[in-house]
Amino acid sequence: RLLGKADLIQINNLDEQADVQRYLGYKPKNLKIIPNGMKIEEYQNLPQKGTFRAKNNIDTDTPVILFMGRLNIKKGLDLLLPAFAKIQDKLKNAVLILAGPDDGYQKQAEQFIIEHGLTNRIKMVGMLTDTLKKEALADADLFVLPSYSEGFSIAALEAMICGVPSLVSDRVGFGEYIKEHHAAYVTKLEVSDVANGILQILGNPDYAKTISKNAKNMVINNFDIRIVANQLLEEYKKVNKM
């Protein structure tokens, strides 16, 4: 009843639109997709390259694959870890960084790392914020988030605006934008495709450069906080005129 009476229902993405429509049994006219935004200027001057590597004893020529998010099953860690193990011998000593707080999957991740002899190849660094997070992004060669479900992944936007080529699923909250702009490797929720995507990005510098450039332009043109705020303001103006 409340949704039916609302003058404006603001949602983030097409997945949420489908959820609302499925819940109500129809698509309300007052439903508007307005994405989350970010302050792009905060990522214009990243810390000096090599800082994160030095703190974590990672050589300068070692590829860094960065996962940044809660250690939760829905983030696709059950796909990412086996994918990395499958192709570790092809990755020229690449390291996988798991940056995020435990949210129910840390124990399983630690067990997987030990069982597969990957203690030197996968590093768990806990939750990174502010400068520490930017240091990691400055040194990352690839950002990965093969998530099963996201409201709207700010972590993916942060990686993209920092110029980090990314591998994501289409469930990160703005999958339609990513596909339209060819802004990332959009992986299927399968171990084999996550593995293929990692190899393609790290093994093809031209491809990595293209998707990172496309992603940065996509974020600037669609998710700058001022653009998003203006979209929301225009919808509020319409409500005021009712």
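The exercises below, each with a worked solution, concern aromatic rings and the largest pocket in a predicted model.

**Exercise 1.** Classify the aromatic pair formed by Phe174 and Phe223, and explain which parts of the chain this pair ties together.

*Solution.* Begin with the geometry: the ring centres of Phe174 and Phe223 are 5.4 Å apart, and the angle between the planes is 55°. Centres within 6.5 Å make a pair, and because 55° is neither under 30 degrees nor over 60, the pair counts as tilted. Next, place the residues: Phe174 lies in the loop between β7 (166–168) and α8 (175–181), while Phe223 lies in the loop between α10 (205–222) and α11 (225–240), so the pair ties together parts that are 49 residues apart in sequence. Finally, both Phe174 and Phe223 are buried, and Phe223 has a relative accessibility of 0%.

**Exercise 2.** Do the same for Tyr177 and Phe223, and then name the cluster that ring pairs form.

*Solution.* The centres of Tyr177 and Phe223 are 4.9 Å apart with 65° between the planes, which makes the pair edge-to-face. Since Tyr177 lies in helix α8 and Phe223 in the loop between α10 and α11, this pair ties together parts that are 46 residues apart in sequence. Ring pairs link Phe152, Phe174, Tyr177 and Phe223 into a cluster.

**Exercise 3.** Describe the lining of the largest pocket.

*Solution.* The largest pocket, with a volume of about 280 Å³, is lined by 15 residues, and Met68, Gly69, Arg70, Ala155 and Glu158 lie nearest its centre. Sorted by class, the lining has 7 nonpolar, 3 polar and 5 charged residues. Helix α7 (residues 154–161) gives the most to this lining, with 3 residues.

Key: Residues numbered from 1 in each chain as written. Predicted model: local features only at pLDDT ≥ 70, side-chain atom pairs only at ≥ 80, totals over all residues. Heavy atoms only, no water. Phe/Tyr/Trp six-rings, centres within 6.5 Å; stacked < 30°, edge-to-face > 60°. Helix = DSSP H or I, 4+ residues; strand = E, 2+ residues; numbered from the N terminus. Buried < 20%, exposed > 50% of the residue type's maximum accessible area, 1.4 Å probe, protein only. 1 Å grid on protein atoms, 1.4 Å probe; cavity = no way out; pocket = protein on both sides within 12 Å on 5 of 7 lines; lining within 4 Å. Points joined across faces, edges and corners; volume = space filled by probe spheres on them. Nonpolar A, V, L, I, M, F, W, Y, C, P; charged D, E, K, R; others polar.
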